[in-house]
Amino acid sequence: MVRTALTPAERARGCRLGALLREARGARAVAEIALAAGLSVETLRKIESGRIPTPTFFTVAALARALDLSLDTLAHTCDAPSYETSTARPAAAAGLPTVTAGAGG
């Protein structure tokens, strides 16, 4: 079976998802969230960096649960076409608390 290539919009949506998850994780360790979601650290890193732009539904649901995010928030923030031209960070756009650089490891 041959998969069709992802469109630029699908890749951008994956990057928005990764940014939102990374921001929601905040100062918590990647390993802590990966363990809570039942994922490998490498898989979570790939999702957060956009290298896995279309993770499965169950992976996204597990991450949402581990990060105490609603699936509605994820869907709304990641699909928001206005986000691409916005200067707002993903968590701020979703009404989540933001973490500033240097606020932990």
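The largest nonpolar core of this predicted model comprises 20 residues, and those with the most contacts inside it are Leu17, Leu21, Leu63, Leu69 and Leu74. Five helices each supply at least two residues of this core: α1 (8-25), α2 (30-37), α3 (41-49), α4 (57-67) and α5 (71-79). The greatest contribution comes from α4, with 6 residues. In soluble globular proteins, nonpolar side chains tend to be buried together.

Leu21 illustrates how this core is connected. Once neighbours within four places in sequence are set aside, Leu21 is in contact with Ile47, Glu48, Leu63, Leu67, Leu69 and Leu74. Among these partners, Leu63, Leu69 and Leu74 are also listed with the most contacts inside the core.

As to overall architecture, the protein has 6 helices and 0 strands, and its pattern along the sequence reads α-α-α-α-α-α. Of the 105 residues in the protein, 36% are buried. Among contacts between residues at least 6 apart in sequence, 64% join residues at least 24 apart.

The largest pocket encloses about 260 Å³ of space. Its lining consists of 14 residues, and Arg13, Leu17, Val60, Ala75 and Cys78 lie nearest the centre of the pocket. Leu17 thus belongs to two descriptions: it is listed with the most contacts inside the core and is also among the residues nearest the pocket centre. The elements giving two or more residues to the lining are α1, α4 and α5, with the largest share, 5 residues, coming from α5. The composition of the lining by class is given below.

| Class in the lining of the largest pocket | Number |
|---|---|
| Nonpolar | 9 residues |
| Polar | 3 residues |
| Charged | 2 residues |

Confidence varies along the chain. The protein averages a pLDDT of 82, and 75% of the residues score at least 70. Among its elements, α2 has the highest mean pLDDT (98), whereas helix α6 (residues 90-93) has the lowest (50). The pLDDT is below 50 over residues 82-88, a stretch with 7 contacts in the model beyond near neighbours in sequence. It is likewise below 50 over residues 97-105, where the corresponding number is 11 contacts. Where pLDDT is low, the predicted coordinates should not be read in detail.

Definitions and conventions
Residues numbered from 1 in each chain as written. Predicted model: local features only at pLDDT ≥ 70, side-chain atom pairs only at ≥ 80, totals over all residues. Heavy atoms only, no water. Core = buried A, V, L, I, M, F, W, Y, C linked by side-chain atoms within 4.5 Å. Buried < 20%, exposed > 50% of the residue type's maximum accessible area, 1.4 Å probe, protein only. Helix = DSSP H or I, 4+ residues; strand = E, 2+ residues; numbered from the N terminus. Contact = heavy atoms within 4.5 Å. 1 Å grid on protein atoms, 1.4 Å probe; cavity = no way out; pocket = protein on both sides within 12 Å on 5 of 7 lines; lining within 4 Å. Points joined across faces, edges and corners; volume = space filled by probe spheres on them. Nonpolar A, V, L, I, M, F, W, Y, C, P; charged D, E, K, R; others polar. pLDDT = per-residue confidence, 0-100.
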